[in-house]
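User: Please take a close look at one part of this protein for me. I would like to hear about its nonpolar core and how the rest is arranged around that topic.

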Amino acid sequence: MGRFWTLLPDRLSRLMAMFGLLAYLVGTLVAVLELNPHTFQRFGSIGVAAAILFFTDRLLQVELRRQKTVERILHEYGLELEVLKEGVDPRDLPKEGYMIDYLREEQKFSVLRHHAERINSLNIFLLTAATLQWGFGDVFLKWMMP
């Protein structure tokens, strides 16, 4: 049971973000099906909160992966510098590095950038839709009602 409490803070933000997003989607759908403009509008605020929580959590995960890649590269540079300080001729160093391939690490940065761009685009869409729903959802749903 002790392990649960140590993992909880690490997972709490992701859990709250997913719960908020699910509550927003389900509540919005129910409000539309029931044609309830006031409830529809109120769920916009939950959507804004979910977008902020979700974006914060996902951005943190991208940043942690980026830091891990940077640490691997710095560690590798440190190993090579240490060997060079010992007097090894730079031409005798392996061409692909001791432990990691720098080109592969560069590709990881590219993948992380694309992943962050996708997260950012989805978040902007969700934040915009939820903000409009929060501000004008009742007007919109009343306009859509027969």
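Analyst: Here is the core, with the fold before it and the surface after it. This is a predicted model, in which local features need pLDDT of at least 70, side-chain atom pairs count only at pLDDT 80 or more, and totals for chains, interfaces and linings use all residues. Residues are numbered from 1 along each chain as its sequence is written, and side-chain values use heavy atoms, with hydrogens and water left out.

The protein chain has three helices and zero strands (DSSP runs: H or I, at least four residues, for helices; E, at least two, for strands; numbered from the N terminus). Its pattern is α-α-α. Of the 146 residues, 26% are buried (under 20% relative accessible area; exposed is over 50%, partly exposed in between; 1.4 Å probe, protein chains only).

Now the core. The largest nonpolar core has seven residues: Leu21, Tyr24, Val48, Ala50, Ala51, Leu126 and Ala130. Such a core is a set of buried Ala, Val, Leu, Ile, Met, Phe, Trp, Tyr and Cys residues joined through side-chain atoms within 4.5 Å. At least two residues come from each of α1, α2 (37-85) and α3 (102-144). Helix α2 gives the largest share, three residues. Take leucine 21. Beyond its neighbours within four places in sequence, leucine 21 is in contact with Ala50 and Leu126 (heavy atoms within 4.5 Å).

Leucine 15 offers a surface example. Leucine 15 lies in helix α1. Leucine 15 counts as exposed because its relative accessibility is 52%.
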